[in-house]
There are 2 protein chains.
Amino acid sequence: MRITKKERQKKLVQALEADPFMTDEQMAKLCQVSIQTIRLDRMELGIPELRERIKLMAESNFDRVRSLAPQEVVGEVIDLQLDQSGVSILEIKKEHVFERNGIARGHFLFAQANSLAIGLVDAEVALTISAEIRFLRPVHINEKCVCYAKVVKSQFSRTYIEVRTKVNSEEVFYGKFVVFRQKKK
Amino acid sequence: MRITKKERQKKLVQALEADPFMTDEQMAKLCQVSIQTIRLDRMELGIPELRERIKLMAESNFDRVRSLAPQEVVGEVIDLQLDQSGVSILEIKKEHVFERNGIARGHFLFAQANSLAIGLVDAEVALTISAEIRFLRPVHINEKCVCYAKVVKSQFSRTYIEVRTKVNSEEVFYGKFVVFRQKKK
DNA sequence: TATACTCTTAGTACTAGGTATTAAAAGGTG
DNA sequence: CACCTTTTAATACCTAGTACTAAGAGTATA
């Protein structure tokens, strides 16, 4: 016995973390033991077989891809008057919050506001130039952030937009955005 | 022959788009044809078998999971002196940019900066209170954003952090963050 | 009507990467 | 030496296929 069972199992877990696509055969070679030993190890450790592992990975990302892939806008736009105002909603889920305390990471609120501000501008190219933002109170998991954006001024190639995000009519985020635009449609 | 071959194949593609986890058997039932017909259809359409499909999904998201799942931080932290300074790198990929023009959406640069600023603060709870940010030039796909954050002041329960993001020593983003902190570790 | 042709179904052999089970060998410890 | 854990081996079976051959069904064409 070269290394102990415990050590081998530890090694296995690490190896699978680095490359979850290993077959039992490959693991057996890696650990210099028989395939049966590997299978017993997987049993003990509660590690499913390759195909199950792959499936779990694919499934877990499938939802995420679906909910995050239409990434052009963060949050669901429910109202939009181009060059005037818009409203979007973002429900804070576990992927948005700090594990530790369940408080939403600021950049998601920013992303919602930024997306809406950009989406508001009726131009071929619209890019954020600058922003002044304020996080007024922490937002928690399961809260629905309703984001209101309003164009306050449009000068030369710049659009000035004011954004307020509320949770139950309580303001949680405020931002002033300056957006650069090029060539009206 | 109820529906034509073309119609059936169209149906198949749509069904698989909605649920890529279907076996040939399930598809056969769905289309009211034999399993062999489904296999011929897959051949013609160049659709791989279930296991291959699942594997492709898992693989394609594996990289993304790696780079995005440790979501506590957007970007890879390569240097960190708590309460002093830190550096992180974010490579702009296709999921970060506007499809239209290949320019990075601002909120990713913000997220990188915000994450680093929060990560810099050595406290149990650290939350962004406000930020003043400026996007100095557009960042394109494949560019590597190196983000430098520096604590400039720490007063009461607030930490003031300055962040500069560069691409090839050219400044692309600048931000001043105010971070709230609670209870030192 | 017979023939040609596409479409569909059936059946067999084989594959990877396993599970589940039983049994035997190897190794270390009291 | 006996006991017990650990490891290996062997066998039957499973799923979701591939690869291939062959035959039947349905339709159009000479």
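Me: A polar contact is a pair of N or O atoms within 3.5 Å. With that in hand, what makes Arg51(B) a partner of DNA strand D?
Reply: This is a predicted model, and in it a polar side-chain atom of Arg51(B) sits 2.6 Å from a base oxygen of DNA strand D. Set 2.6 Å against the 3.5 Å limit, and the pair counts as a polar contact.

Me: What makes Arg8(A) and Lys5(A) count too, and which part of DNA strand D do they reach?
Reply: Both go to phosphate oxygens: Arg8(A) with a polar side-chain atom at 2.7 Å, and Lys5(A) with a side-chain N or O atom at 3.4 Å. Each value falls within 3.5 Å, so both pass. As for where such residues come from, the elements giving two or more residues to the surface near DNA strand D are α1 (5-18) and α3 (35-45) of chain A, plus α3 (35-45) and α4 (50-68) of chain B. The biggest giver is α3(A), with three residues.

Me: How many residues surround DNA strand D, and which are the closest?
Reply: There are 15, the closest being Arg8(A), Thr37(A), Asp24(B), Leu50(B) and Arg51(B). By type, the residues of that surface split into eight charged, four polar and three nonpolar. On the DNA side, 71% of the strand D atoms within 4 Å of the protein belong to sugar or phosphate, and the rest to bases.

Me: Why is the pair Glu171(A) and Arg164(A) called a salt bridge?
Reply: The cut-off is a Lys or Arg side-chain nitrogen within 4 Å of a carboxyl oxygen of Asp or Glu. The N to O distance here is 3.0 Å, so the pair qualifies. Chain B has a salt bridge between Glu171(B) and Arg164(B), with the closest N and O atoms 3.0 Å apart. The background is simple: side chains of opposite charge can pair when their charged atoms come close.

Me: How do you know whether Glu171(A) is buried, partly exposed or exposed?
Reply: Buried means under 20% relative accessible area and exposed means over 50%. Glu171(A) has 25%, so it lands in between, as partly exposed. Its partner Arg164(A), at 30%, is partly exposed as well.

Me: What does the salt bridge of Arg137(B) with Glu170(B) tie together?
Reply: The closest N and O atoms of this pair are 3.2 Å apart. Arg137(B) is in the loop between β3 (123-135) and β4 (144-155), whereas Glu170(B) is in strand β6 (170-184), so the pair ties together parts of chain B that are 33 residues apart in sequence. Over all chains the structure holds 18 salt bridges, and Asp24(A), Arg39(A) and Arg42(A) are linked in a network of them.

Me: What makes Val77(A) fit for a nonpolar surface patch?
Reply: A patch residue needs over 30% relative accessible area. Val77(A) has 36%, so it clears that bar while counting as partly exposed. Together with Leu80(A) and Leu82(A), Val77(A) makes a patch of about 220 Å². Its place is in strand β1 (residues 76-81) of chain A.

Me: What makes the phi of Asn168(A) worth a look?
Reply: Most residues other than glycine have a negative phi. Asn168(A) is not a glycine, yet its phi is positive, about 50 degrees. Asn168(A) belongs to the loop between β5 (158-167) and β6 (170-184) of chain A, and at 68% relative accessibility it is over 50%, so it is called exposed. In chain B, Ser169(B) has a positive phi of about 65 degrees, and its 66% makes it exposed.

Notes: Residues are numbered from 1 along each chain as its sequence is written. Chains are lettered from A and ligands numbered from 1 in the order in which they are written. This is a predicted model: local features need pLDDT of at least 70, side-chain atom pairs count only at pLDDT 80 or more; totals for chains, interfaces and linings use all residues. Side-chain values use heavy atoms; hydrogens and water are left out. Patches are made of residues with over 30% relative accessible area and no salt bridge: like charges are joined within 9 Å, nonpolar side chains (Val, Leu, Ile, Met, Phe, Trp, Tyr) within 5 Å. Accessible areas come from the Shrake-Rupley method with a 1.4 Å probe; for residues, only the protein chains shown count as cover. Helices (H or I, at least four residues) and strands (E, at least two) are DSSP runs, numbered from the N terminus. Buried means under 20% relative accessible area, exposed over 50%, partly exposed in between (1.4 Å probe, protein chains only). A residue is near a molecule or strand if one of its heavy atoms lies within 4 Å of it. A polar contact is a pair of N or O atoms within 3.5 Å; within protein, one must be able to donate a hydrogen and the other to accept it, and residues adjacent in sequence count only if both atoms are side-chain atoms. Ala, Val, Leu, Ile, Met, Phe, Trp, Tyr, Cys and Pro count as nonpolar, Asp, Glu, Lys and Arg as charged, and the others, Gly among them, as polar.
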